[in-house]
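These are my notebook entries on one protein structure. I set down what I looked up, entry by entry.

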Amino acid sequence: MDIVEFIANYKNHPVMFIGTGLSLRYLTNSYSWENLLKKIALELNPNEEYYLDIKAKYMKGQHCAYEKVATDLEKDFNDYLQKNRNGKFEHINDLFYENMKKGINISRFKLYISDLLSNAEIKDCVFAEIAELKKARKNIGSIITTNYDNMIEDIFSFNPLIGNDILLSNPYGSVYKIHGCVSSPDKIIITEDDYNKFDERYELIRAQLLSLFIHNPIIFVGYNIGDKNIKDILRTIFSYVDYNSEESKKIRDNFLLIEYEEGLDNTEVVEHDIDIEGFPTIRINKLKTDNFVVLYQAVANLVLPVSAMDIRKVQSVVREIYSGGNIKVSITEDLDNLKNSDKVLVVGSKNTIKYEFQTILEMMVNYFQIIEESNAQLLKLINKQKIQSSQYFPIFAFSEICEEINEVDALKERQSDKIENIIKNAPEICSGTHITPQEVIEDKAISQTYKIIEIICSIVNGNMEMVSVENYLRAFPNKRSTDYRKVLCAYDMKKYSN
């Protein structure tokens, strides 16, 4: 079955289980588990045989117990830094002693891992592919990852959950960092002792993740078919769920493994058998490819009644109701006699409630997120609202995403006229020659009153770098102000008009 057809059959928001392979694909400074340990060993001792001797102790056939390798390396690394206070790892010792003064004892080894992986940057060649991944964000329920880096949070803007925070989580819009994170080096799981403690307290976390696996499609990305993490997950699930039950079949049908093979443009999903000791052969779905874009586009185009991010907002309200928050709940009809397709859940103020997914103003506030996600379904709601002739509204980019917006030509003309009037009535001091908004802000020759006008003039004249304008708008302190809307409309018209 083709991947597009396979994903289109989903009835719920998929959960992505992301491994090291995706970080290796997108980040300049990323490592597999073995290469991370080897990197640290070579930094400690440039003789490769030092690392190979440690590895040899824990080899069994082709398999290596890397958690035991990490245990030996941690001891050697910490001992070396303790004896060499001001050597090549002086900055790690500085961090260690700063924490100790606060009564916090974090292994120098883990501080170094955090420092090493915090410097990762996205490769220049993958921005277009990541843009497609961002479009899929609206249909992804949550992320589970064994990676330590912050790439997922940066791309998805999801809430990272580490350690016990997983137990108190809202499953929608969250990143479950089950092996820890560079932001909390003390919670990084890498040594044998870390894994033993993790297994001891993992029971409740396992139950939380099991609920996700039962109720949502699971897409594994960044792992290979023989990966220990994949087998551990399957072993966990089928320890609790009878392999021959209907529930088990539903889980297996929902599992999709994306296995990387360089240069392969395959889009066909096939069944694949996995052998796990103590269990019958487990059959899951697999796509072997180098074409990740087709996966992201299939998820982005998945048509579901509501976006994953709005479910997250509703769950936050429901959690407040559970905890005794002073929120009124009104049920207007006999829900038992309504079909699901006729039910609508609306959350908002009792004084202003009406069925509008986002107001016109909210769409402007969320302009860049809507574009990144290519959220055509949301933009259809423009037709349900009235845009006043006095309003600034950025229609050009939105009309490229959604072809079903009414009166597009009239809205474009109105937007262009309003920006042209600003230019026409600009004072002489506004030359429109600045390259960035920051230059305008720092230009003492232009009074505060005219800075926004000069930014707009520079945008329209084509002198201002559009990336700098985007960064300026993203960081704008009050995105509900008229100034923000004016600059946004100028940016939108300049970048997306023909």
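**Charges over rings**

I looked first for charged side chains placed over aromatic rings, and I found the charged end of Arg25 over the ring of Phe292, 3.8 Å from the ring centre. I also noted Lys418, whose charged end sits over the ring of Tyr392 at 4.6 Å from its centre. I record here that the model is a predicted one.

**Overall make-up**

I looked up the secondary structure and found 24 helices and 10 strands. The protein has 498 residues, and 47% of them count as buried. I then turned to the contacts with a separation of 6 or more, and 70% of these join residues 24 or more positions apart.

**Aromatic pairs**

I asked how many aromatic pairs the rule gives. The count comes to 22. I took Tyr80 and Phe89 as one example: their ring centres are 6.4 Å apart and their planes stand at 90°, so I entered the pair as edge-to-face. The cut-offs behind this entry are centres within 6.5 Å and planes over 60 degrees apart. Tyr80 has 33% relative accessibility and counts as partly exposed. Phe89, in contrast, has 3% and counts as buried.

I next examined Phe220 and Phe255, with ring centres 5.3 Å apart and planes at 70°; this pair is therefore edge-to-face. Phe220 belongs to strand 7 (residues 218-221) and Phe255 to strand 8 (residues 255-260), so the pair ties together parts 35 residues apart in sequence. Are these rings buried or exposed? Phe220 is buried at a relative accessible area of 1%, and Phe255 is buried, its value being 1%.

I also looked for a wider grouping of rings. One aromatic cluster is formed by Phe77, Tyr80, Phe89, Phe109 and Tyr112.

**Helix 5 against helix 7**

I looked up how helix 5 (residues 66-83) packs with helix 7 (residues 108-117), and found an angle of about 100° with the axes 8 Å apart. The two helices are therefore roughly perpendicular to each other. I listed the residues that meet: helix 5 brings Ala70, Leu73, Glu74, Phe77, Asn78, Leu81 and Gln82, and helix 7 brings Arg108, Phe109, Lys110 and Tyr112. Sorted by class, this contact has six nonpolar, two polar and three charged residues. I note that Phe77, Phe109 and Tyr112 are among the members of the aromatic cluster entered above.

**Two buried aspartates**

I looked up Asp72, which lies in helix 5. Its relative accessible area is 18%, so Asp72 counts as buried; the cut-off is under 20%. Leaving aside neighbours within four places in sequence, I found Asp72 in contact with Ile54, Lys57 and Tyr58. I also checked Lys55, which is 17 residues from Asp72 along the chain, and the C-alpha atoms of the two are separated by 9.6 Å.

I then turned to Asp194, found in helix 10 (residues 192-200). Asp194 is buried, with 12% relative accessibility. With residues up to four places away in sequence not counted, Asp194 touches Lys110, Ile188 and Ile189. Lys110 also appears among the residues of helix 7 that meet helix 5.

**Positive phi in two loops**

I searched for positive phi values outside glycine. Most residues other than glycine have a negative phi. Which position has a phi near 60°? I found this positive value at Ser157, a residue other than glycine. Ser157 is placed in the loop between helix 9 (151-156) and strand 5 (159-162), and at 53% relative accessibility Ser157 counts as exposed.

Glu407 is a further entry, with a positive phi of about 55° although it is not a glycine. I located Glu407 in the loop between helix 19 (395-401) and helix 20 (408-424). Its relative accessibility is 63%, so Glu407 counts as exposed.

**Thr482 and Tyr392**

I closed with Thr482, which lies in helix 24 (residues 482-496). Thr482 counts as partly exposed at 40% relative accessibility. Thr482 and Tyr392 are 90 residues apart along the chain, and I found their C-alpha atoms separated by 7.9 Å. Tyr392 is the residue whose ring lies under the charged end of Lys418.

Methods:
Residues numbered from 1 in each chain as written. Predicted model: local features only at pLDDT ≥ 70, side-chain atom pairs only at ≥ 80, totals over all residues. Heavy atoms only, no water. Phe/Tyr/Trp six-rings, centres within 6.5 Å; stacked < 30°, edge-to-face > 60°. Buried < 20%, exposed > 50% of the residue type's maximum accessible area, 1.4 Å probe, protein only. Helix = DSSP H or I, 4+ residues; strand = E, 2+ residues; numbered from the N terminus. Lys NZ or Arg CZ within 6 Å of the ring centre and 35° of its normal. Contact = heavy atoms within 4.5 Å. Axes fitted to C-alpha atoms, helices over the stretch in contact; angles between N-to-C directions. Parallel < 35°, antiparallel > 145°, perpendicular 65-115°, else oblique. Nonpolar A, V, L, I, M, F, W, Y, C, P; charged D, E, K, R; others polar.
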